[in-house]
Amino acid sequence: MDSVASNFNEQNHQEFKETLTYYGCSNIVEPKNEFLIREIVRLLGAKDDLHAQVVTVRMPSTCQQSVQFFDNDGNLVDDFPVCRILFCTKMSEQKRCFLAFTFRSPTSVADESADQCHVLCAPDRATIERVMGEFARIFDNANNGASPHLNTFVAGNCSGLLSFELEGHLNIMERDDKGQLVPSPQEKTCFKLRRGREKHISLLINQVSGPYRLVVKKCFGLLLAAGRNVKHVDMQLLDVQSMRTKENGGYLISAVWDPLSPHFDVLNTETPRETRVYMTVATDIVFCTIPEPLRFVVDCRVRIFDENERFWSWKHRDVCERYYLKVRLCPNGNEAVALDPNDICFESFSQRQRLLSPTVRRCSKGMLSNLIAPHDENESDSDEPLLSGSGEVKQEYSAAVLAEWNQCLTLWKDDLNQRPDQLTQLICNGIPDPLRGEVWQLLAGCFQQPELSETYPQLLTKECPNEQVIVRDIHRTFPAHDYFKQVGGLGQDALYKISKAYAVYDEEVGYCQGLSFLAASLLLHMSEAEAFCVLVRIMYHYRLRDLFKQGFETLHLRFYQLTRLMQVRLLNVAEKVFGFVSIIQNFRTICQI
């Protein structure tokens, strides 16, 4: 820190001074994030005392003045206007006590990333407590002088009873196969999560209405528990990443959820298809004009899938909760408004609803309904393929058509790299069922990669991380078809092996719901090895695998393009077929009829 030679003017300060050790400062991105401040204290506090500076800290008498540091010779070292001090906190470490405050220098007004965190140290707690008391005093004076409109409002309000409405928005993200955070799909307040994956939870608190803006003074992090209506002792504190006020006035708390923690076993166990479990997220917030912390609780339903699950649906909406706050204000002359803790009424919309049916029921398995959520019969399981399709082909072809096809195939086999001229017209009229296996292999260009047939049996001997998901999907693929409907039969066994082989072959895509229908269609017309070759070729050569990649960005793009094309070229058809219902669900339904 640069030294500035100047004498201390005691007329601008009250008689308060303390000798502390100054460990320097560091830039901080979020000047009110206690966790970042603690990290800076830890790093700066690790310095040797020889590199630290002993300073005398003198506090101002008013909030219009500055906190000042002086060296042993009485020279001014640095000057911190109170109006630019953003936050102050204290902490203890072994035999030392630290005080840290964040400061916005004039040069960082346009660049908040240049905010500074300054660290002071004392050998005893009493010294730090005294300095903290002085910071609290000048902050209170600043708050009182900054909000005269609030005192005026209270003085003119006869009852002193004010009403506020706030909203809480819960959002969950989890790590994908590439280590990136992606939003967890959510449908009808039910999050779809995968076990064993690191998750990030964020809770945004917004004020919807009220006579004045509530300002967050302190937040105690995020709490998580399985179930709803849970006790405080059953909730676990998460590892908070950040707590900050957004530009629109909302307050955002973000935390990391380690699903492997034994406290969250229920939320890390795969749930049956018809089962949902409740999950509760909460935070305690103290506002500047309210002496007691308010607990914001959001509960929702979740379904836990296998860690390698891939979701078709990309629907993502925050789970929202509405809160109602009523307080009775007590004016105190020109001082800041004081609130009586007994005159605070705070409840959520869900709490109001549950008061209408407070009885705790038990489900058929004897578990409290506060843990097991009832299944919504209207809730679509949009990430699962439809259970449809018999696979029967009833179209008949004349001898003349078959003869044209045989002639075309003969020409094609003579020169595999040159497709016959009549091929396109023949395909438009449909490929005869007995010839589909042969034609599909030629169209896919399997002859260009003959080694795939030899690779197939080798892939079956390797470990597959998607095996559980594949096994679960086998019985849901063409269940009405004779070849696939028998549990453990030849059809299901062949479908399992080709799905596993491709998942091992293509590590990036692995296995995704929908692949089993594609593989099953091929297996009805060719052997396992041939079906595997065709599957690999159409996935790579025709870039079908792009539709199955993590996040399904290409799939969403194709659906958007399809929607726009139909709206431009086939508007009447689009309105009748899709209407206001999800285009994806209708498109998948049409494709599987």
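Which residues have the most contacts inside the largest nonpolar core? I'll start there and work outwards; keep in mind that this is a predicted model.

1. **The largest core.** The answer is Leu170 and Met279, which have the most contacts inside the largest nonpolar core, a set of 42 residues. Strand E18, residues 294-305, supplies the largest share of this core, with six residues. If you want to walk through the packing, start from leucine 170: leaving aside neighbours within four places in sequence, its contacts include Phe191, Ile201, Leu203, Met279, Val281, Val298, Cys300 and Val319. Ser202 and Asp318 are in contact with leucine 170 as well.

2. **Another core.** Apart from that one lies another core of 41 residues. Cys446, Ala501, Met526 and Ala531 are among its members.

3. **Strand E7.** Buried or exposed: how do the residues of E7 (116-122) come out? Seven of its seven residues are buried, so the strand is mostly covered by the under-20% cut-off on relative accessible area. Look at the side-chain directions too: Gln116, His118, Leu120 and Ala122 point one way, while Cys117, Val119 and Cys121 point the other way, and all are buried. On the pairing side, E7 runs antiparallel to strand E6 (residues 96-103), with seven bridges between them. One bridge to look up is threonine 102, whose partner in E7 is cysteine 117.

4. **Aromatic pairs.** The count of aromatic pairs comes to 18. Take tyrosine 22 and phenylalanine 69 as an example: they are edge-to-face, with 5.4 Å centre to centre and 65 degrees between the planes. Tyrosine 22 lies in strand E1 (residues 13-27) and phenylalanine 69 in strand E3 (residues 66-70), so this pair ties together parts that are 47 residues apart in sequence. Both tyrosine 22 and phenylalanine 69 are buried.

5. **A second edge-to-face pair.** Phenylalanine 478 and phenylalanine 517 are also edge-to-face, at 5.1 Å between centres and 85 degrees between planes. Phenylalanine 478 lies in the loop between helix H9 (467-474) and helix H10 (490-505), whereas phenylalanine 517 is in helix H11 (residues 515-523), so the pair ties together parts 39 residues apart in sequence. Why does phenylalanine 478 count as buried? Because its relative accessible area is 13%, and buried means under 20%. Phenylalanine 517 counts as buried too, at 9% relative accessibility.

6. **Ring cluster and charges over rings.** Ring pairs link Tyr22, Phe69, Phe80, Phe101, Phe103 and Phe135 into a cluster. There are also charged side chains over ring faces. Lysine 199 lies over the face of tryptophan 257, at 5.3 Å from the ring centre. Arginine 352 sits over the face of tyrosine 324, at 3.8 Å from the ring centre.

7. **Salt bridges, E17 to E18.** How many salt bridges does the structure hold? The number is 20. In one of them, arginine 295 pairs with aspartate 284, and their closest N and O atoms are 2.8 Å apart. The pair links distant parts of the chain, with arginine 295 in strand E18 and aspartate 284 in strand E17 (residues 276-287), eleven residues apart. Arginine 295 counts as partly exposed because its relative accessibility is 26%, whereas aspartate 284 is buried at 15%.

8. **Salt bridges among the helices.** Glutamate 528 forms a salt bridge with lysine 497, the closest N and O atoms being 3.4 Å apart. Here helix H12 (residues 528-540) holds glutamate 528 and helix H10 holds lysine 497, 31 residues apart. Glutamate 528 is partly exposed at 22% relative accessible area, and lysine 497 is partly exposed at 24%.

9. **A loop-to-loop bridge, and a network.** The side chains of glutamate 508 and arginine 545 meet in a salt bridge of 3.2 Å, N to O. Glutamate 508 lies in the loop between H10 and H11, and arginine 545 in the loop between H12 and helix H13 (553-569), so the pair ties together parts 37 residues apart in sequence. Glutamate 508 counts as partly exposed at 36% relative accessibility, while arginine 545 counts as buried at 10%. Elsewhere, salt bridges that share partners join Glu165, Glu167 and Arg322 into one network.

Notes: Residues are numbered from 1 along each chain as its sequence is written. This is a predicted model: local features need pLDDT of at least 70, side-chain atom pairs count only at pLDDT 80 or more; totals for chains, interfaces and linings use all residues. Side-chain values use heavy atoms; hydrogens and water are left out. Buried means under 20% relative accessible area, exposed over 50%, partly exposed in between (1.4 Å probe, protein chains only). Helices (H or I, at least four residues) and strands (E, at least two) are DSSP runs, numbered from the N terminus. Two strands pair if DSSP finds at least two bridges between them. Rings of Phe, Tyr and Trp (its six-membered ring) pair if their centres lie within 6.5 Å; planes under 30 degrees apart count as stacked, over 60 as edge-to-face and the rest as tilted. A charge sits over a ring if NZ of Lys or CZ of Arg is within 6 Å of the ring centre and within 35 degrees of the ring normal. A nonpolar core is a set of buried Ala, Val, Leu, Ile, Met, Phe, Trp, Tyr and Cys residues joined through side-chain atoms within 4.5 Å. Contact means heavy atoms within 4.5 Å. A salt bridge is a side-chain nitrogen of Lys or Arg within 4 Å of a carboxyl oxygen of Asp or Glu.
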